[in-house]
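Here's a quick briefing to read with the model open beside you. Take a look at the fold first, then work through the notes below.

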Amino acid sequence: MTTPYPFVRELYEAFQLGEFDRWDALVAEDVLVNSTMGRDILGRGALKAWAAEFVNALQSRVDLVDEFEAIDATGKGRGFFTVCLNWKHTHAFMGLQPTGREGTSIETMLLTIKEGKVVRWDVADNTVEINIYFWERGWAIPHNVHPEIMARGIER
């Protein structure tokens, strides 16, 4: 069976299998990443290192929840994939020692695509469990993150 979203599915499959070199063909060298679990992520190499630590150190099983892409003939468009991370903190993770704690986290990867490559990768954390868990252990969670907006809402 083929997926109707081959570009996004390839990103997901590489993520869940930990085969991050597959992203070389899909992600721009200077990709900008915005995530509450990672600060100052600029570049494909940094993204791959962050993702590898997230998947491997937390022994994450990455289940696909939803996916979509809209990419035109010039390779410009948007896409997303939503995953449920089933994680267990059994190895050091970003400087935090393991506790053995387990949990789940729903994450949506919002993708901006130009010339056939992801140029911006925004991670929308749909659950707070994992953020609270790391915050309780001294992890500095970024505040006032301002993603690129499509339309400005009214001031109240």
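Is Gln59 buried, exposed or partly exposed? Its relative accessibility is 43%, so Gln59 counts as partly exposed. Keep in mind that this is a predicted model. The notes go from the whole chain to the strands, then to the core and its aromatic rings, and end with two residues that have an unusual backbone angle.

**The chain overall**

- You're looking at 3 helices and 6 strands, and from the N terminus they come in the order α-β-β-α-β-β-β-β-α.
- The chain has 156 residues, and 42% of them count as buried.
- Take the contacts with a separation of 6 or more: 58% of them are between residues 24 or more positions apart.
- About 8,700 Å² of the chain is exposed, with carbon and sulfur atoms supplying 54% of that area.

**Strand β4 and its partners**

- Strand β4 covers residues 77-88, and 9 of its 12 residues are buried, so the rest of the structure largely encloses it.
- On one pairing, β4 runs antiparallel to strand β3 (residues 61-71), with 10 bridges between them.
- If you want a landmark for that pairing, Arg61 has Asn86 of β4 as its bridge partner.
- β3 and β4 make a hairpin with 5 residues in between, and Gly75 in the turn has a positive phi of about 85 degrees.
- β4 also pairs with strand β5 (residues 102-114), again antiparallel, this time through 12 bridges.
- Here a handy landmark is Val83, which sits opposite Glu107 in β5.

**The nonpolar core**

- The largest nonpolar core has 34 residues, and the members touching the most others are Leu11, Phe15, Trp23, Phe81 and Trp121.
- Two or more residues of this core come from each of α1, β1, α2, β4, β5 and β6.
- The biggest giver is α2, with 7 residues in this core.
- Within α2, the buried residues are Arg44, Leu47, Lys48, Trp50, Ala51, Ala52, Phe54, Val55 and Ala57.
- Does the length of α2 add up, or what span should its 14 residues have? At 1.5 Å a residue they should span 20 Å, and the end C-alpha atoms are 19 Å apart, which agrees.

**Aromatic rings**

- The count of aromatic pairs comes to 10.
- One of them is Phe15 with Phe20, a tilted pair with 6.3 Å from centre to centre and 55 degrees between the planes.
- Phe15 and Phe20 are both buried.
- Trp23 and Trp121 are another pair: their ring centres are 5.0 Å apart and their planes are at 55 degrees, so this pair is tilted.
- That pair ties together distant parts of the chain, since Trp23 is in the loop between α1 (6-17) and β1 (27-35) while Trp121 is in strand β6, 98 residues apart.
- Trp23 has 0% relative accessibility, so it counts as buried.
- Trp121, at 2% relative accessibility, counts as buried too.
- Step back and you'll find one aromatic cluster made of Tyr12, Phe15, Phe20, Trp23, Phe81 and Trp121.
- Which residues does Trp23 contact, leaving aside its neighbours within four places in sequence? They are Leu11, Ala14, Phe15, Arg44, Leu47, Lys48, Ala51 and Trp121.

**Two residues with positive phi**

- As background, most residues other than glycine have a negative phi.
- Gln59 isn't a glycine, yet its phi is positive at about 45 degrees.
- You'll find Gln59 in the loop between α2 (44-57) and β3.
- Glu115 is not a glycine either, and it has a positive phi of about 50 degrees.
- Glu115 is placed in the loop between β5 and β6 (117-125).
- Is Glu115 buried or exposed? Its relative accessible area is 73%, so Glu115 is exposed.

Key. Residues are numbered from 1 along each chain as its sequence is written. This is a predicted model: local features need pLDDT of at least 70, side-chain atom pairs count only at pLDDT 80 or more; totals for chains, interfaces and linings use all residues. Side-chain values use heavy atoms; hydrogens and water are left out. Buried means under 20% relative accessible area, exposed over 50%, partly exposed in between (1.4 Å probe, protein chains only). Helices (H or I, at least four residues) and strands (E, at least two) are DSSP runs, numbered from the N terminus. Two strands pair if DSSP finds at least two bridges between them. Rings of Phe, Tyr and Trp (its six-membered ring) pair if their centres lie within 6.5 Å; planes under 30 degrees apart count as stacked, over 60 as edge-to-face and the rest as tilted. A nonpolar core is a set of buried Ala, Val, Leu, Ile, Met, Phe, Trp, Tyr and Cys residues joined through side-chain atoms within 4.5 Å. Contact means heavy atoms within 4.5 Å. The expected span of a helix is 1.5 Å times one less than its number of residues. Accessible areas come from the Shrake-Rupley method with a 1.4 Å probe; for residues, only the protein chains shown count as cover.
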